[in-house]
Amino acid sequence: MEATIVSDDLKHYPVLLKEIISVITPQHGGTFIDCTFGQGGYTKEILKYKNTKVISLDRDIENKNKANQIKEKFSERFYFKNSKFSELNNLKLKNENIKGIVFDLGFSFVQIKDPNKGLSFDSIGELNMRMGLNKFSADEVVNKLENKEIERILKYFGDETDAKLIARNIIKFRELKKIKTQDLVKIIEKSKRKKNFKVHSATKTFQALRIFVNKEISELIYGLINSAKILKKDGVLAVVTFNSLEDRIVKYFFKNLSEKKSVSRYEPEIKQKELSFLMPQKKPIIPSTKELKENQPSRSAKLRYLIKKEDTYEIETDIVEKFSDLLEIEDLGYKL
Ligand SMILES: C[S@@+](CC[C@H](N)C(=O)[O-])C[C@H]1O[C@@H](n2cnc3c(N)ncnc32)[C@H](O)[C@@H]1O
């Protein structure tokens, strides 16, 4: 990949920052894991509290420069790893008192403005959409997978109602020539039966391809499972989501760990284990009117959090089975 051309004056605005800090309470000290370092907005804020240590991850190696700047200032209290958060369990954390794990999902403002990443529909050139540490790009998905496979990706990862037409037109077009980013935008615009003047026609397809290329469903599911395991007693798991698919997964997982299973009154009563997690708030926290005014991209952000009540590595969840249909679609990537 070529070097990033992003101007330094791009303003980075960490979403729901005050709210994140108020739920993870770094003033009590401990080790915190920032699973989505980005420009280090959350990490820097946590490090302002003296007895904290932060371990940050990001799959995008280009964020390492920012991490190096923070390392200069907080040498012993800050560590950065270019890694995917689904691999959280590979970190050596045995002696860490992990009191908070945060996720700010998706891509950053800097990444979407990077023409080489091709995350935006204004991008020119080959399709890409890789955030880092990927096996394949959107170029291979669009130019190699079969009609029905592309249709499933667009339908289930983008909730695209015209998935069938778009997939069919992708196949037709690529018989003539390889599809690049602007070709795809035109194919989508031609295929959409109803125009929505508020949202760009390519939004859903681009979201779907980005989720597929970055395996965002399995990343999130295994990131959540591993986080719940490694948190210590009274530790908080806080997740900011930006689309309904992510939010559905987080909401299910948090309920799954914090609520007893409902049993029909006609079935024999079974003794259920005490729950190790507590979800203090059922409704998500959303940005304030002030933040919405200052930071437009925060409009779809939702913060949910979960508190661990006891030290245990064992967790009981059926989240993998629950979302097996989506994980199966992601597995189509093995063909590429
Ligand atoms: C919305 S930004 C985070 C911004 C950050 N909270 C801040 O204040 O600067 C999301 C970041 O997470 C990273 N990311 C996305 N998926 C990831 C994954 N599965 N593993 C590790 N990092 C990931 C992206 O590369 C991006 O830099």
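Around the ligand stand 22 residues, the closest of which are P14, T36, G38, G41 and D104, where a residue counts as near if its C-beta atom, placed from the backbone, lies within 6 Å of the molecule. This shell divides into six nonpolar, ten polar and six charged residues, with Ala, Val, Leu, Ile, Met, Phe, Trp, Tyr, Cys and Pro counted as nonpolar, Asp, Glu, Lys and Arg as charged, and the others, Gly among them, as polar.

The model is predicted, and local features need pLDDT of at least 70, side-chain atom pairs count only at pLDDT 80 or more, and totals for chains, interfaces and linings use all residues. Residues are numbered from 1 along each chain as its sequence is written.

Turning to the sheet, seven strands form an open arrangement in the order β3-β2-β1-β4-β5-β7-β6, with mixed pairing; strands are DSSP runs of E with at least two residues, helices are runs of H or I with at least four, and both are numbered from the N terminus. Two strands pair if DSSP finds at least two bridges between them. The edge strands, each pairing on one side only, are β3 (78–81) and β6 (277–278). Strand β7 (residues 302–308) pairs with β6 in the antiparallel sense over two bridges, and F277 stands opposite K308 in β7. Helix α3 (residues 64–73) lies across β2 (52–57) and β3, running at about 165° to β3, where axes are lines fitted to C-alpha atoms, for helices over the stretch in contact, and angles run from 0 to 180 degrees between N-to-C directions.

Next come the helix pairs, beginning with helix α6 (residues 147–158) and helix α7 (residues 163–176), which pack at an angle of about 140° with their axes 8 Å apart. The two helices are therefore oblique to each other, since angles under 35 degrees count as roughly parallel, over 145 as roughly antiparallel, 65 to 115 as roughly perpendicular and the rest as oblique. Their contact is made by N147, I150, E151, L154 and K155 of α6 together with A163, K164, I166, A167, R168, I170 and I171 of α7, two residues being in contact if their C-beta atoms, placed from the backbone, lie within 7 Å. By class, this contact of α6 with α7 has seven nonpolar, one polar and four charged residues.

The axes of α6 and helix α9 (residues 203–213) also come within 8 Å, and they cross at roughly 100°, which makes α6 roughly perpendicular to α9. Here α6 contributes I153, L154, F157 and G158, while α9 contributes K204, T205, Q207, A208, L209, I211 and F212. Seven nonpolar, three polar and one charged residue make up the contact of α6 with α9.

Finally, α7 packs with helix α8 (residues 181–191) at an angle of about 130°, their axes lying 9 Å apart, so that α7 is oblique to α8. This contact joins L165, I166, N169, I170 and F173 of α7 to D183, I187, I188, K190 and S191 of α8.
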